[in-house]
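Student: I am new to this structure. Please take me closely through one helix, and then show me what surrounds that part.

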Amino acid sequence: MANVDSELIDAIHRDQLADIDHPEAKAVCRAIGLRVADEVANVIAVLEAEGIAAAVAGDPSASVQRHSATLQLADADQAIAAARALAALGYRPWEQIDGPAESVLRHFRHTLTIARADDVTMVVDLRWPPTRIGDRLPAVLIPNENDYRAVAFPRSLWPLYLLVRPLRLVMEKLGLRPASGQALGPFLSTPTDLIGPLLDLADVDADDTLVDLGCGDARILRHAVAERGCRGIGVESDPFLVTEARRLVTREGLDNRIVIIEGDANADRLPTDAIEGSVFFLFVPAYSVPPVAARVLAQARPGSRLIIHEQHPLPELAPGIEMVSVPLLSGQGVTVAHRLDVPAPVTTAADRDP
Ligand SMILES: C[S@@+](CC[C@H](N)C(=O)[O-])C[C@H]1O[C@@H](n2cnc3c(N)ncnc32)[C@H](O)[C@@H]1O
């Protein structure tokens with residue numbers, strides 16, 4: 001069993017799940033491939049109706065583990081128009097596309113990512129040929145929402161953001177202004193039917209308080225509270241998602257059991273209420289995991305559990321703390337789930353015998 005698990009984990013990490021001799025894995029990959037093909041056809045039909053020509057770029061079956069596709073468009077204007085048209089199907093851009101952001105996209109970028117979070121999240125990269133200057137400017141110098149949020153210039157003054165960005169980054173580095181939130185990555189929801197197995201791995205029951213650090217639309221919390229009778233605390237930095245999470249919590253009558261905190265889950269200290277949690281849930285890009293995991297392991301109560309899931313390998317998070325890793329496959333997706341238990345503080349002979 002352990003060997004089958006490690007073979008599956010390795011295949012997921014290499015994005016080659018479809019290639020191993022495992023009937024369930026093949027079936028899951030087939031289901032994902034079919035869903036992506038259907039969705040791409042819907043997207044292209046909406047764009048055609050709007051007079052926007054888009055072609056599937058690259059090898060559409062390059063990843064059969066992820067609900068993702070890349071579309072090639074003529075230029076940034078077409079990509080922005082496509083992003084707006086696809087709001088009709090529930091897609092949201094991962095970044096601002098209005099005001100000064102529109103000019104920045106036009107001059108410096110060649111990809112805009114949009115996503116729709118349903119039972120599964122479908123991610124679509126809208127791509128266009130880069131401009132000469134955009135091709136040469138290092139990505140780190142291209143302004144983004146943190147810069148637009150730092151200073152609000154009218155749209156016509158958008159080039160000033162090329163100065164705001166380095167200035168802001170230097171000031172944050174020197175501690176002269178608080179670091180910008182959102183550092184943990186964009187909204188990519190956990191597929192609905194993976195939530196139960198993730199909660200099982202954490203042994204979530206009615207006595208628990210589950211904390212989702214970067215809770216998105218609070219789907220993990222809403223599911224856990226409704227199914228397991230626990231309490232939930234969500235921390236989310238995107239105001240749109242905070243409003244959406246609170247709306248869904250209220251709609252499902254869970255206001256007395258779930259609190260959504262608008263805040264930074266990447267701050268040096270976990271939010272005060274969240275520290276009381278007994279299970280911590282983390283689904284953010286693998287590169288964002290180590291500092292947050294380290295804080296949970298250092299600040300949460302002993303005996304709390306930390307659950308993380310990823311399709312990419314994680315570095316060692318805490319030498320000396322066992323990390324249990326299991327592959328999870330469902331009709332809607334695949335992931336590798338990890339559990340770490342917060343250890344009791346080390347008691348020395350001096351503590352026992354003053
Ligand atoms: C990959 S999504 C996971 C959503 C949800 N936990 C789930 O599994 O469905 C990561 C979430 O973290 C949020 N996020 C990113 N940086 C953050 C930060 N510094 N503080 C709080 N939330 C953050 C994003 O807005 C997004 O909703």
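Tutor: We begin with helix H4 and then move outward to the ligand and the domains.
This is a predicted model, in which local features need pLDDT of at least 70, side-chain atom pairs count only at pLDDT 80 or more, and totals for chains, interfaces and linings use all residues. Residues are numbered from 1 along each chain as its sequence is written.

Helix H4 spans residues 100-108, and its buried residues are Pro100, Ala101, Val104, Leu105 and Phe108. Buried means that 20 or more other C-beta atoms, placed from the backbone, lie within 10 Å of a residue's own. Helices here are DSSP runs (H or I, at least four residues), as are strands (E, at least two), numbered from the N terminus. These buried residues lie on the same side of H4, because they cover an arc of only 140° around the axis. That arc is taken from the directions from the helix axis to the C-beta atoms.

What covers them? The cover includes helices H3 (76-85), H5 (132-136), H6 (145-150) and H7 (161-173), together with strand E4 (111-117). Contact means C-beta atoms, placed from the backbone, within 7 Å.

Now the ligand. Around it are 25 residues, of which Leu184, Thr190, Gly214, Gly216 and Ser237 come nearest. Near means a C-beta atom, placed from the backbone, within 6 Å. Helix H9 (219-228) and strand E7 (231-236) each give two or more residues to this shell.

Last, the domains. The chain is divided into domain 1 (40-137) and domain 2 (192-341), with bounds from an automatic or database domain assignment. Their contact takes 4 residues from domain 1 and 6 residues from domain 2.

How values were computed
Contact = placed C-beta atoms within 7 Å. Buried ≥ 20, exposed ≤ 12 C-beta atoms within 10 Å, placed from the backbone.
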